[in-house]
Amino acid sequence: MRATLQIYYLLFFSLASTGKPAQAQSTLRFEGNIKTTESYLRAMAKKCQQQAGTDEPTALQQCIFNSQLFSSVKVEEEEGGLRVQLEERWTLIPIPFASASNGGERAYGFFVLESNFLGRGQTLAAGASKSNRTTNLSLFFQDKSLFFTPWSISFALSSSRSDVILFGKNGKRLLGFSE
């Protein structure tokens, strides 16, 4: 009797769960992702489907496009799941820097911004600038979904050295030091 009850119990739950399943993560097929990792895309798709509360291809398409990592996203239904066609945008942005002032100060530098660092949607920026009075180094990192969780992390590091010069009324240098 007990063995029969367990078989009916298993049979009931296996039949009850055979209704139309939601689009499982394994039924997503990604095409065109060269830099972005598939694990990041699957986590993003799961999060998008949870937020939208639906498995509609148009909702998934808009959510992935809103990540601003892709210049085009197309989601189509195919036998056995969804096909997601992606076209990645250029995420490495170089930023040259140069300036000059009337007081004779000149500055130059170079910064680099990567908005899809390691293919996981992380942001990394690094750069340096130099002038005749200062030297600056900086680094910034941000992960909007730390290990595919709702948590985020960001930090910034910078180093600066400045030369302070005090001039008298006649334009003669009175005092100078670095800090």
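In this predicted model, Ile95 stands opposite Phe111 of strand β5. This pairing is part of an antiparallel arrangement in which strand β4, covering residues 92-100, joins β5 over nine bridges. The two strands form a hairpin with five residues between them. Within this hairpin Gly104 adopts a positive phi, near 90°.

Positive phi values also turn up in residues other than glycine, and two loops offer good places to look. Strand β5 spans residues 106-117, and the loop that leads from there to β6 (122-131) holds Leu118. The phi of Leu118 is near 60°, a positive value in a residue that is not glycine. Leu118 has a relative accessible area of 57% and is therefore classed as exposed, since the cut-off for that class is over 50%.

The second case is Gln68, with a positive phi near 65° in a residue other than glycine. Gln68 sits in the loop that connects α3 (57-65) with β2 (70-78). Because its relative accessibility is 57%, Gln68 counts as exposed. Readers following along in the structure can thus find Gln68 between a helix and a strand, and Leu118 between two strands, β5 and β6.

Attention now turns to a patch on the surface. Leu139, Phe155 and Leu157 make up this nonpolar patch, and together they present about 250 Å² of accessible area. Leu139 belongs to strand β7, which runs through residues 134-143, while Phe155 is part of strand β8, residues 153-167. Leu139 has a relative accessibility of 31% and so counts as partly exposed. Phe155, at 38% relative accessibility, likewise counts as partly exposed. Both values qualify for a patch because the cut-off for membership is over 30% relative accessible area.

The surroundings of Phe155 fill in the picture. Once neighbours within four places in sequence are set aside, Phe155 is in contact with Leu139, Phe140 and Phe141. One of these partners, Leu139, is also a member of the nonpolar patch. Another, Phe140, lies 15 residues from Phe155 in sequence, yet the C-alpha atoms of the two are 5.8 Å apart in space. As a general point for reading such regions, side chains in a regular strand alternate between the two faces of the sheet. For a view of the patch itself, the residues to display are Leu139, Phe155 and Leu157, and adding Phe140 and Phe141 brings in further contacts of Phe155.

How values were computed:
Residues are numbered from 1 along each chain as its sequence is written. This is a predicted model: local features need pLDDT of at least 70, side-chain atom pairs count only at pLDDT 80 or more; totals for chains, interfaces and linings use all residues. Side-chain values use heavy atoms; hydrogens and water are left out. Patches are made of residues with over 30% relative accessible area and no salt bridge: like charges are joined within 9 Å, nonpolar side chains (Val, Leu, Ile, Met, Phe, Trp, Tyr) within 5 Å. Accessible areas come from the Shrake-Rupley method with a 1.4 Å probe; for residues, only the protein chains shown count as cover. A salt bridge is a side-chain nitrogen of Lys or Arg within 4 Å of a carboxyl oxygen of Asp or Glu. Helices (H or I, at least four residues) and strands (E, at least two) are DSSP runs, numbered from the N terminus. Buried means under 20% relative accessible area, exposed over 50%, partly exposed in between (1.4 Å probe, protein chains only). Contact means heavy atoms within 4.5 Å. Two strands pair if DSSP finds at least two bridges between them.
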